[in-house]
Amino acid sequence: MLNGVNWLGSGQFVVNIMSDWYVESANHCSGAFPHDINEMDKAGLSSLPSDVVKPPRVGNAAIQLECEVSAPCSLCITSTVTRLTHTLCTVADVSIDSGQ
């Protein structure tokens with residue numbers, strides 16, 4: 001659920017670490033959705049407001065890391081047409097659900 005257009009534009013994102021109780025729904029979110037489509041809605045996951053950043057958290061996630069982008073960087077691999085993007089971020093807040 002980390003859409004580059006969204007997090008590069010806002011400078012913020014949430015890393016949602018799922019446990020086995022919602023892994024199938026989380027896997028559905030890895031599809032190639034357009035940036036204006038809410039993957040959480042498509043997967044049937046709940047949304048919670050974040051405490052520090054603007055993007056919402058996945059309410060079903062075991063661990064939620066609210067992040068602010070420090071330094072985005074694009075890498076080009078010359079032997080293929082693959083484009084990779086990685087980023088350095090600051091974790092602004094952590095939420096942990098000990099079990100459901």
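Hi everyone, let me begin with the outside of this protein: its accessible surface comes to about 6,300 Å², and 55% of that belongs to carbon and sulfur atoms. Accessible areas here come from the Shrake-Rupley method with a 1.4 Å probe, and for residues, only the protein chains shown count as cover.

Before we go on, please keep in mind that this is a predicted model, where local features need pLDDT of at least 70 and side-chain atom pairs count only at pLDDT 80 or more, while totals for chains, interfaces and linings use all residues. Residues are numbered from 1 along each chain as its sequence is written, and side-chain values use heavy atoms, leaving out hydrogens and water.

So how confident is the predictor? pLDDT is its confidence in each residue, from 0 to 100. The mean for this protein is 78, and 71% of the residues reach 70 or more. Where is confidence lowest, and where is it highest? The low end is helix α1, residues 4–10, with a mean of 66, and the high end is strand β2, residues 47–48, at 91. Where pLDDT is low, the predicted coordinates should not be read in detail.

Now the overall layout. There are 3 helices and 5 strands, and from the N terminus on they run α-β-α-α-β-β-β-β. The helices (H or I, at least four residues) and strands (E, at least two) are DSSP runs, numbered from the N terminus. Of the 100 residues, 24% count as buried. Buried means under 20% relative accessible area, exposed means over 50%, and partly exposed is in between, with a 1.4 Å probe and protein chains only. Contact, by the way, means heavy atoms within 4.5 Å. Among contacts between residues at least 6 apart in sequence, 55% join residues at least 24 apart.

Let's zoom in on E66, in strand β4. Is E66 buried or exposed? E66 counts as buried because its relative accessible area is 0%. E66 forms a salt bridge with R57, with the closest N and O atoms 3.8 Å apart. A salt bridge is a side-chain nitrogen of Lys or Arg within 4 Å of a carboxyl oxygen of Asp or Glu, and by this rule the count comes to 1. The partner, R57, is also classed as buried, because its relative accessibility is 10%.

E66 has polar contacts too, meaning pairs of N or O atoms within 3.5 Å; within protein, one must be able to donate a hydrogen and the other to accept it, and residues adjacent in sequence count only if both atoms are side-chain atoms. The side chain of E66 reaches the backbone nitrogen of V52 at 2.6 Å, and a polar atom of that side chain lies 3.1 Å from the backbone nitrogen of V53. Not counting residues up to four places away in sequence, E66 touches several others, including F13, V14, T90 and V91.

R57 comes up again when we look at Q64, which lies in strand β4, residues 63–76. At 5% relative accessibility, Q64 counts as buried. Which side chain does the side chain of Q64 meet in a polar contact? That would be the side chain of R57, at 2.8 Å. The side chain of Q64 also reaches the backbone oxygen of V58 at 2.7 Å. Leaving aside neighbours within four places in sequence, the contacts of Q64 include L48, G59, V94 and S95.

That brings us to S95, in strand β5. S95 is buried, at 13% relative accessibility, and its side chain makes a polar contact with the side chain of R57 at 3.1 Å. Beyond four places in sequence, S95 touches D51, R57, A62, I63 and Q64. The C-alpha atoms of S95 and E66 are separated by 8.4 Å, although the two residues are 29 apart along the chain.

Let's finish back at the surface. V94 sits in strand β5, residues 83–96, and counts as partly exposed because its relative accessibility is 45%. Together with V91 and I96, V94 forms a nonpolar surface patch with about 280 Å² of accessible area. Patches are made of residues with over 30% relative accessible area and no salt bridge, joining like charges within 9 Å and nonpolar side chains (Val, Leu, Ile, Met, Phe, Trp, Tyr) within 5 Å. Thanks for listening!

How values were computed: pLDDT = per-residue confidence, 0-100.
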